[in-house]
Amino acid sequence: MLNGKSHRSPALGFSTRAIWSGQDPCPATGATIVPVYQTATFTLPDIGVTKGFDYSRTVNPTRSAMERQLAALEGGTFASAFASGMAAVAGATSLLSCGDHIIATRDIYGGTHRLFTTVLSRYGIDVTFVDTSDARETWAAARPNTRLLWLETPSNPLLRLCDIEALARLRPAGVLIVADNTFASPFLQQPLALGADIVVHSTTKYIGGHSDVVGGAVITNDREIAEQVAYHQNCVGAIPGPWDAYLTMRGAKTLGLRMRAHSKNGQAIAEFLAQRDDVADVFYPGLATHPQHELAKRQMSGFGGIVSFRPKGGAERARAIATATSVFALAVSLGGVESLICSPARMTHASLTPQQRAELDITDDLLRLSVGIEDVEDLVADLGCALNSVPELARLRTAS
Ligand SMILES: *Cc1c(COP(=O)(O)O)cnc(C)c1O
């Protein structure tokens, strides 16, 4: 639904908006917390007259409340919620027509890559993948029919950044900029304020924050874009149910608290890994050694909870480490309160060809951590144990 009305003042702080935007008391009962309106249909006072709701695919009060909350978190006016992050990605691409062209960050989320290359391509929509950390190279790929620039920053799993503000400043006329802000979350990065036109989220990750609900959202300040996305939302019907909306809304209230804790733990883990001599590379925008650390400081208000690293000793050692942790669970996904470890080459990015992975530098010995908000001493001890339990073979060989 279009929900430009009634969200609380954008001048309020992030957590105040997270807790109060869209959360007006129930007009019928005064319930302080938005009820789960588990209903498909709404009884009308008269033919052609509604109280704002007629059928839950089109609009549902619990979903509308969450949409107002999510819009407020991004400093946006309009939000449409979807049944998954991928449904939200598809919602944003509903702005395209046959013959249009997309420029996209090379290392975008695998599901988005798959949608662009195997589905949109059949509808006559072309995509060019570029290194969006270079604004000039990015816009050099523009064609007369380029309609979207699709950005992910930081990227997955190697935490590469692109400068949203510079890309927006140099954009050719008629190109819309979409930022998938899932990795950073609206607490750490506000793409609309930096010049993006549309923000897309998998709310499954940091916004929901508890790994218990799948969802997505498209947020914008542009009424025409919002109307078209809302049209697609109702037309295709990939909507979240009221319980999913309720869980996401409940999770999002603590996003500020959680992101501070994720960032603090992420920094500690990255520094711990960086000082170990059995670790070859650590990827984390909060490390001074990250090639875009200065950009990260400018563009983000914290560095988040995703840390990737390459232990020394090759793919076999990496595999052994990934299965040796006891606090970090071996699982895909990210952004929940619990810590996860995964092997991108074998798990999240397994659908890419070996050649595509090589181009993106997603080697078999790379590990990705989604650092949760447990006690950081436990996380450090767990990783330390896992690393120590799998000695670096090369070093053993040299020693003997
Ligand atoms: C997970 C994810 C998606 C897809 O979201 P789902 O909720 O799994 O459909 C899209 N973009 C990014 C960056 C993601 O991490």
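Gly 85 is where I'll start: one of its backbone N or O atoms lies 2.8 Å from an oxygen atom of the ligand. Keep in mind that this is a predicted model. Next comes Met 86, where a polar backbone atom is 2.9 Å from an oxygen atom of the ligand. With Ser 202 the contact comes from the side chain, where an N or O atom is 2.8 Å from a ligand oxygen. How much of the ligand's accessible area does the protein cover? On its own the ligand has 380 Å² of accessible area, and the protein covers 91% of that.

As for location, the ligand sits in the largest pocket. Which residues are around the ligand? From the lower numbers, we have Ser 84, Gly 85, Met 86 and Tyr 109, then Glu 152, Asp 180 and Thr 182. The list goes on with Ser 202, Thr 204, Lys 205, Val 214 and Gly 215. Sorted by class, this shell has six polar residues, three nonpolar and three charged. The charged ones are Glu 152, Asp 180 and Lys 205.

Now to another residue, Glu 67. Glu 67 belongs to helix α2, which covers residues 61-73. Is Glu 67 buried or exposed? Its relative accessible area is 1%, and the cut-off for buried is under 20%, so Glu 67 counts as buried. What does the side chain of Glu 67 have as a polar partner? A polar atom of that side chain lies 2.8 Å from the backbone nitrogen of Ala 81.

Notes. Residues numbered from 1 in each chain as written. Predicted model: local features only at pLDDT ≥ 70, side-chain atom pairs only at ≥ 80, totals over all residues. Heavy atoms only, no water. Helix = DSSP H or I, 4+ residues; strand = E, 2+ residues; numbered from the N terminus. Buried < 20%, exposed > 50% of the residue type's maximum accessible area, 1.4 Å probe, protein only. Polar contact = N/O pair within 3.5 Å; in protein donor to acceptor, adjacent residues only side chain to side chain. Near = heavy atom within 4 Å. Areas by Shrake-Rupley, 256 points an atom, 1.4 Å probe, with all protein chains shown as cover. 1 Å grid on protein atoms, 1.4 Å probe; cavity = no way out; pocket = protein on both sides within 12 Å on 5 of 7 lines; lining within 4 Å. Sits in = over half its atoms within 2 Å of the grid points.
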